[in-house]
Amino acid sequence: MNAPQQAFAAVPRAEEAPEVQRIALVGPLPPPSGGMANQALQLAGLLREAGIAVDFVQTNAPYRPAWAGKVRGVRALFRMLPYVANLWRAAGRVQVFHVMANSGWSWHLFAAPAIWIAHLRGTPVVVNYRGGEAANFLKQAAAWMRPSLRRCAALAVPSGFLAHVFGQHGIDSVVVPNIVNLERFAADAAPRARGALRLLVARNLEDIYDNASALRAFAVIRQTHPEATLTVAGSGPLRGELEQLAQGLGVAHAVRFTGRVDTADMPGLYRNADIMLNPSLVDNMPNSVLEALASGALVVSTNVGGVPYVVEDGKTALLVPPANPAAMAQAVLRLAEQPALAEALRSAGRASVAQYDWSSVKPRLLDVYRQALASKGGRRP
């Protein structure tokens with residue numbers, strides 16, 4: 001029996017389990033836009049459309065009063081007290097808690113309190129853990145996490161990569177993939193016209209996403225394709241540093257930093273790109289890669305974390321080692337010079353994301369909810 005099956009070995013089959021009509025969804029909302037916040041917002045809407053009432057308990061709710069967010073030492077208190085109160089009220093109204101969880105302090109400050117409050121009120125919990133830094137976090141904090149996880153009905157992860165990471169610590173999980181809206185992220189019907197090479201990076205400007213390597217790769221690409229352009233779509237603390245790097249590389253005039261992009265504007269960016277670069281040093285199941293593939297853009301990504309679980313090198317994308325701008329540049333040039341390979345990857349990439357459509361993910365998620373509800377108290381074996 002494999003690990004995902006073991007997670008539910010002691011509960012009834014899904015068709016015997018009761019239907020879930022109301023859940024509490026615990027997690028962040030945009031702004032800022034990010035993988036977890038976007039997934040939480042999208043999931044809430046889809047569940048409501050499916051007839052399930054959703055009580056959203058926001059982990060990044062605005063400070064009230066607003067001035068409290070500017071005062072160090074008290075701002076945590078002004079956020080945590082309303083958060084805990086909202087958790088307590090929600091646990092008395094809903095049938096199941098769905099907790100969006102991440103590594104680091106996010107686990108300790110938001111996920112663990114949600115689990116324990118639901119446990120005290122007898123509400124089963126599904127922890128939906130995501131984040132490419134899970135391996136390092138579990139090495140440090142697995143012993144702290146176990147008591148909380150034992151009080152959950154299920155641990156759901158979005159990729160086989162995270163299932164493997166948790167499995168190395170003897171923790172079972174079930175895979176429920178991220179959701180990609182294939183109506184919004186869809187390729188243009190007309191074939192892509194060949195012209196100046198258009199590249200895109202769609203990660204926030206933070207150290208773990210290594211946008212600097214993408215800029216260095218772009219400088220190499222420009223030597224062969226002097227009309228190539230690069231759009232860097234994201235916000236973060238490294239913007240000034242990256243703009244200086246682009247200036248130093250002599251490519252600033254061909255690089256556009258968009259700043260924060262609204263979720264509604266992302267499909268257009270993907271459709272206007274020939275190739276999306278994902279230079280991450282750490283990753284789990286990047287939505288940007290899935291959305292780019294769905295939109296008909298080619299993907300060149302580092303082969304870190306869960307990325308090889310999402311795409312297949314040479315079949316749906318090209319994968320390169322992290323922090324290696326030369327390898328990334330060569331992969332882009334290979335796609336530019338081999339149109340048959342590019343078209344094969346584009347076609348296979350679009351087909352591969354069908355499994356992330358809501359129609360495919362919905363029955364798997366609802367099955368997890370049903371079995372959590374049937375667990376009568378929600379403790380994992």
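**Exercise 1. Which residues line the second largest cavity?** Describe this cavity and one residue of its lining.

*Solution.*
Step 1. The model is a predicted one. Its second largest cavity is lined by D210, S213, P279, T302, P321, A323, N324, P325 and M328.

Step 2. The space inside this second largest cavity amounts to about 40 Å³.

Step 3. Sorted by class, its lining consists of five nonpolar, three polar and one charged residues.

Step 4. Take S213 from the lining. This residue belongs to helix α7, which covers residues 211-224. Beyond the residues up to four places away in sequence, S213 touches A323, N324 and P325. These three residues also appear in the lining of the second largest cavity.

Step 5. The relative accessibility of S213 is 7%. The limit for a buried residue is under 20%, so S213 counts as buried.

**Exercise 2. State how many cavities the search finds, and describe the largest cavity.**

*Solution.*
Step 1. A probe the size of a water molecule, rolled over the atoms, reveals where empty space remains.

Step 2. Over the whole structure, the search yields two cavities of 30 Å³ or more.

Step 3. The largest cavity has a volume of about 100 Å³. It is lined by 13 residues, of which L43, N128, R130, P177 and I179 are the closest to its centre.

Step 4. Three elements each give two or more residues to this lining: α2 (35-49), β3 (96-101) and α14 (358-374).

Step 5. The classes in the lining of the largest cavity are eight nonpolar, four polar and one charged residues.

**Exercise 3. Determine the number of salt bridges, and examine the one between R203 and D283.**

*Solution.*
Step 1. The count of salt bridges comes to nine.

Step 2. One of them joins R203 to D283, with 2.8 Å between the closest N and O atoms. The cut-off for a salt bridge is 4 Å, and the pair R203 and D283 forms one.

Step 3. Locate the partners along the chain. R203 is placed in the loop between β7 (198-201) and α7, while D283 is placed in the loop between β10 (275-278) and α10 (287-294). The two are 80 residues apart, and the pair thus links distant parts of the chain.

Step 4. Classify the partners. R203 has a relative accessible area of 10% and is therefore buried. D283, at 6% relative accessibility, is likewise counted as buried.

**Exercise 4. Describe further salt bridges, giving the exposure of the partners where it is known.**

*Solution.*
Step 1. Consider R260 and D262. Their side chains meet in a salt bridge with an N to O distance of 3.2 Å. Partly exposed residues lie between the limits of 20% and 50%. R260 has a relative accessibility of 46%, so it counts as partly exposed; D262, with a relative accessible area of 40%, is partly exposed.

Step 2. Consider E343 and R346. The closest N and O atoms of this salt bridge are 3.0 Å apart. Both residues lie in helix α13 (residues 339-352), and the three residues that separate them in sequence correspond to about one turn of the helix.

Step 3. Classify this second pair. E343 has a relative accessible area of 44% and is partly exposed, whereas R346 has 15% and is buried.

Step 4. Finally, R22, D55 and R93 are linked in a network of salt bridges.

**Exercise 5. Locate H225 and name its contacts.**

*Solution.*
Step 1. H225 is found in the loop between α7 and β8 (229-233).

Step 2. With a relative accessible area of 24%, H225 is partly exposed.

Step 3. Set aside the neighbours within four places in sequence. H225 is then in contact with L197, L333 and A336.

Step 4. Compare sequence with space for one of these contacts. H225 and L333 are 108 residues apart in sequence, and their C-alpha atoms are 8.8 Å apart.

**Exercise 6. Characterise the protein as a whole.**

*Solution.*
Step 1. The protein contains 14 helices and twelve strands. Its radius of gyration is 22 Å, close to the 21 Å that the globule rule gives for 381 residues, so the protein is as compact as a globular protein of that length.

Step 2. The C-alpha trace spans about 65 × 50 × 40 Å along its principal axes.

Step 3. Of the 381 residues, 51% are buried.

Step 4. Take the contacts between residues at least 6 apart in sequence: 75% of them join residues at least 24 apart.

Methods
Residues are numbered from 1 along each chain as its sequence is written. This is a predicted model: local features need pLDDT of at least 70, side-chain atom pairs count only at pLDDT 80 or more; totals for chains, interfaces and linings use all residues. Side-chain values use heavy atoms; hydrogens and water are left out. Helices (H or I, at least four residues) and strands (E, at least two) are DSSP runs, numbered from the N terminus. Buried means under 20% relative accessible area, exposed over 50%, partly exposed in between (1.4 Å probe, protein chains only). Contact means heavy atoms within 4.5 Å. On a 1 Å grid over the protein atoms alone, a cavity is a set of points where a 1.4 Å probe fits but cannot get out, and a pocket is an open set with protein on both sides within 12 Å along at least five of seven lines; lining residues have an atom within 4 Å of a point. Grid points are joined across faces, edges and corners, and a volume is the space filled by probe spheres set on the points. Ala, Val, Leu, Ile, Met, Phe, Trp, Tyr, Cys and Pro count as nonpolar, Asp, Glu, Lys and Arg as charged, and the others, Gly among them, as polar. The radius of gyration is taken over C-alpha atoms; the globule rule is 2.2 Å times the number of residues to the power 0.38.
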